[in-house]
Amino acid sequence: MRSIIDILDLSVEELDELIATACDIIDHPAKYAEACHGKKLATLFFEPSTRTRLSFEAAMYELGGNVIGFSSANSSSAAKGESVADTAKTISCYADIIAMRHPKEGAPRIAAQAATIPVINAGDGGHNHPTQTLADLLTIWREKGRFENLTVGLCGDLKFGRTVHSLITAMSRYAGVKFVLISPEELKVPSYVKEEALKKKGIPYVQTTSLEDAIGDLDILYMTRVQRERFFNEEDYLRLKDSYILDPKKLKRAKSDLVIMHPLPRVNEISVAVDDDPRACYFKQVLNGKYMRMALILKLLEEAKYEH
Ligand code: NCD
């Protein structure tokens, strides 16, 4: 049974296929309105979420399917001490596919090993978030028309930001991509991500603390929130939380066709004055996330048909 736990669980060809399906859904939504009739998605969210959970749910409804699930650990048997594996086995009796978010790195993989239905990682701790990357890739594709030869800047909490880790891993598979990693010293990209996705493949990257110095070179600027819930102490969070604030003044130095992205939720990293700039794509990203989740659910349920 195939699960999607890491963005590398999908080949570049499969990403192309998902993008093609998402674009077809955008153009012909009626064609897909009953595609998952009679199927159930279970959303098992042990951590807070607005976009990821609701976009999975909206995706399944727009495919004609149904949704069950819970939105906090407190309202599930995890509060009684049930293991992730037992929860996954149980839900396999009720649903056809699972989307799981969990504060512990690796929990969705444990769930996938125990489940008899596909499991999609909807974010595991500070580790990975492959379906946000699907949203990000469709956004880059629709805005730029290519993945190759782009200078991608990632800015903010690159240590705990799981969306950053998955996006670097995904983009490192395309030719001519360069990364500019902009963060405070304490919040640099973890060395395991740099090692696997960048160093081993000889992908060019620079690390800097200055957004102002880097912004003029970028084709994509991916802003991120400082991940308060992953900090060990509040003092460090308060010191680092406003390290970068993108505002119209900083954008004066940027390219006219820069694509500004953010996985959201935003706290202070992008001033609301930027929202009306035509380069701001973060709300388009939200919508793209729903279409890519529709494409992914369709693909995994189609594959699962042939495994039973
Ligand atoms: C992100 C996440 O949960 O990692 N949000 C999302 O899914 N769109 C980013 C974040 O919480 O900062």
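So, D96: buried or exposed? In between, as it turns out: D96 has a relative accessibility of 23%, and since the cut-off for buried is under 20%, D96 counts as partly exposed. Keep in mind that what we have here is a predicted model, so please hear every number as computed from that prediction.

Where is D96? You'll find D96 in the loop between α3, residues 84-92, and β3, residues 97-102. Leaving out residues up to four places away in sequence, D96 touches G38, K39, K40, I117, P118 and L301. And if you want a distance for orientation, I68 is 28 residues apart from D96 along the chain, with 11 Å between the C-alpha atoms.

Now compare that with another acidic residue, E34. This one is in the loop between α1, residues 12-27, and β1, residues 40-45. Why do we call E34 exposed? Because its relative accessibility is 53%, and exposed means over 50%. Once you set aside residues up to four places away in sequence, E34 touches L63 and G64. For a long ruler across the model, go from E34 to K188: 154 residues apart in sequence, and 45 Å apart in space, C-alpha to C-alpha.

Okay, on to the pockets. The largest pocket has a volume of about 400 Å³. Twenty residues, well, 20 on the slide, line the largest pocket, and the ones nearest its centre are R101, R162, R225, L264 and P265. Two elements give two or more residues to that lining: α2, which is 51-62, and α6, which is 162-171. What is the class make-up of this lining? Four nonpolar, ten polar and six charged residues.

Let me stop at L264 and P265, two of the residues nearest the centre of that pocket. A cis peptide bond joins L264 and P265, with omega at about 5°. L264 sits in the loop between β9, residues 259-261, and α11, and P265 is in the loop between β9 and α11 as well. L264 also has a positive phi, near 65°, in a residue other than glycine. And L264 counts as buried, because its relative accessibility is 11% and the cut-off is under 20%.

While we're on backbone angles, there's N149. N149 isn't a glycine, and its phi is positive too, about 55°. N149 lies in the loop between α5 and β5, the strand at 151-155. Buried or exposed? N149 is exposed, with a relative accessible area of 52%.

Next, the second largest pocket, with about 210 Å³ of space. Here 13 residues make up the lining, and D6, L8, T169, E196 and A197 lie nearest the centre. Both α6 and α7, the helix at 191-199, supply at least two residues each, and α7 gives the most, with four residues. By class, that lining comes out as five nonpolar, five polar and three charged.

There are enclosed spaces as well. How many cavities of 30 Å³ or more are there? The count comes to three. The largest cavity holds about 80 Å³ of space. Residues from α2, α5 (130-144) and α11 (282-305) line it, with at least two from each, and α11 gives the most, with five residues. Among the lining residues are R51, H262, Y282 and R293. Sorted by class, the lining of the largest cavity is four nonpolar, six polar and two charged.

R293 is worth a second look. Besides lining the largest cavity, R293 has its charged end over the ring of F56, 5.1 Å from the ring centre.

Last stop, the aromatics. The structure holds six aromatic pairs. The one I picked is W141 with F147: the pair is tilted, at 5.6 Å centre to centre and 35° between the planes. Which residue joins these two in one aromatic cluster? Y174 does, alongside W141 and F147. The two partners of the tilted pair sit in separate burial classes: F147 counts as buried at 3% relative accessibility, while W141 is partly exposed at 35%.

That's my tour. Happy to pull any of these up on the screen.

Technical notes: Residues numbered from 1 in each chain as written. Predicted model: local features only at pLDDT ≥ 70, side-chain atom pairs only at ≥ 80, totals over all residues. Heavy atoms only, no water. 1 Å grid on protein atoms, 1.4 Å probe; cavity = no way out; pocket = protein on both sides within 12 Å on 5 of 7 lines; lining within 4 Å. Points joined across faces, edges and corners; volume = space filled by probe spheres on them. Nonpolar A, V, L, I, M, F, W, Y, C, P; charged D, E, K, R; others polar. Buried < 20%, exposed > 50% of the residue type's maximum accessible area, 1.4 Å probe, protein only. Contact = heavy atoms within 4.5 Å. Phe/Tyr/Trp six-rings, centres within 6.5 Å; stacked < 30°, edge-to-face > 60°. Lys NZ or Arg CZ within 6 Å of the ring centre and 35° of its normal.
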